[in-house]
Amino acid sequence: MNNFHENNRMKWNIAAERWNSRDISGGWKNCHRDPTIAFHECELEFISSFVGDLTGKRVCVLGSGDNYTTFALAGMGAEVTSVDISEKQLEIAANRAKELDLKNITFVRADVSALPLESESYDFACSSGVVAIWISNLDKYYGEANRILKQGSYFMISETHPIRRILKQEQNDRLSVEYHYFNNGPHKYEYSLTDGKGIGVADEAVVQGNIQYEFTWRISDYVNSMINVGFQVQSLQETKSDHIDQWKEKGMEALPQALVLISKKL
């Protein structure tokens, strides 16, 4: 595991309790019954159009995080492998799966760039949420997704739109540019134990484990990495902000929310 990923693993172990406590509505308890809690409408359309019925299919969730996606896929009848770099995130998810009596999930702690999984053993793989920003090499990540998939199977990703990643909204709701679009990073932050935010650029005095590294990938990076490792891109969608009606007051809401892409292993 490289140093960027190891620092991010330690950061997520520290952050896991706080991150999961944000779910005050208890959405994790219901997404196995209602997949719209975990997936955007276009993601479900991609699954329906390209993958079809998931019943009995082997599915791998890469960078499973809060495991909403994992629970939703399990509820859709798949045999799911949930992979995350943080053992603490997986511990919380495993306890929740037990509470929900979801027995068709296997939890695996691993770096998505080096998966301890058999080649050509999965019918579908996905990464829904924010995963790529924590990964230092997209080709290695997507290459591993390609390796574990059966020929003709699909890999779907959903990431925060790259334009959103380079901007930040100030207190007056105006937008400012944090990084230029062509600066992939790594961007080094100190993880705040008090409010869970990344605060500025971490200096050398910051305790190891409180440092996180983020990468700002461009649309072309996502597409070209898929092509580089042997996928054929099938479709790409940019989703609207959930609060697009407020775009005049809050500039960020005028921007696309997510980038969703599905590719086929040739």
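Two strands pair if DSSP finds at least two bridges between them. With that in hand, let's tour this predicted model view by view.

**View 1. Leucine 236 and its partner across E11 and E12.** Leucine 236 stands opposite leucine 261, a residue of E12. The two strands here are E11 (231-239) and E12 (residues 258-265), which run antiparallel and are joined over eight bridges. As general background, strands of a sheet pair through backbone hydrogen bonds, either parallel or antiparallel.

**View 2. The open sheet from edge to edge.** Step back and you can follow seven strands in the order E3-E2-E1-E4-E5-E12-E11. The sheet is open and its pairing is mixed. Which strands sit at the edges? They are E3 (105-109) and E11 (231-239), each of which pairs on one side only. On average, neighbouring strands of this sheet are turned by 15 degrees against each other, direction ignored.

**View 3. Strand E1 and its two neighbours.** Is E1 mostly covered or uncovered? E1 is mostly covered, with four of its five residues buried. On one pairing, E1 joins E2 (residues 79-84) in the parallel sense over five bridges. E1 also pairs with E4 in the parallel sense, here over three bridges. Cysteine 60 is a good residue to find in this view: it stands opposite threonine 81 in E2 and also opposite alanine 125 in E4.

**View 4. The crossover from E1 to E2.** Trace the chain onward from E1 and you pass through helix H3 (residues 68-75) before arriving at E2. What is the hand of this β-α-β crossover? The crossover is right-handed.

**View 5. Helix H5 lying across the sheet.** Helix H5 (residues 138-148) lies across five strands: E1 (58-62), E4 (122-128), E5 (149-160), E11 and E12. Relative to E5, H5 runs at about 145 degrees.

**View 6. Helix H5 meeting helix H7.** Two packed helices are described by the angle between their axes and the distance between the axes. The axes of H5 and H7 (residues 219-228) come within 9 Å and cross at roughly 50 degrees. That angle makes H5 oblique to H7, because angles that are not under 35, over 145 or from 65 to 115 degrees count as oblique. The crossing of H5 past H7 is right-handed. Look for the residues that meet here: Leu138, Asp139 and Tyr142 come from H5, while Asp221, Tyr222, Ser225, Met226 and Asn228 come from H7.

Technical notes. Residues are numbered from 1 along each chain as its sequence is written. This is a predicted model: local features need pLDDT of at least 70, side-chain atom pairs count only at pLDDT 80 or more; totals for chains, interfaces and linings use all residues. Side-chain values use heavy atoms; hydrogens and water are left out. Axes are lines fitted to C-alpha atoms, for helices over the stretch in contact, and angles run from 0 to 180 degrees between N-to-C directions. Contact means heavy atoms within 4.5 Å. Buried means under 20% relative accessible area, exposed over 50%, partly exposed in between (1.4 Å probe, protein chains only). A crossover is right-handed if, with the strands pointing away from the viewer, the path from the first strand over the helix to the second runs clockwise. A crossing is left-handed if the near helix is turned anticlockwise from the far one by less than a right angle, and right-handed if clockwise.
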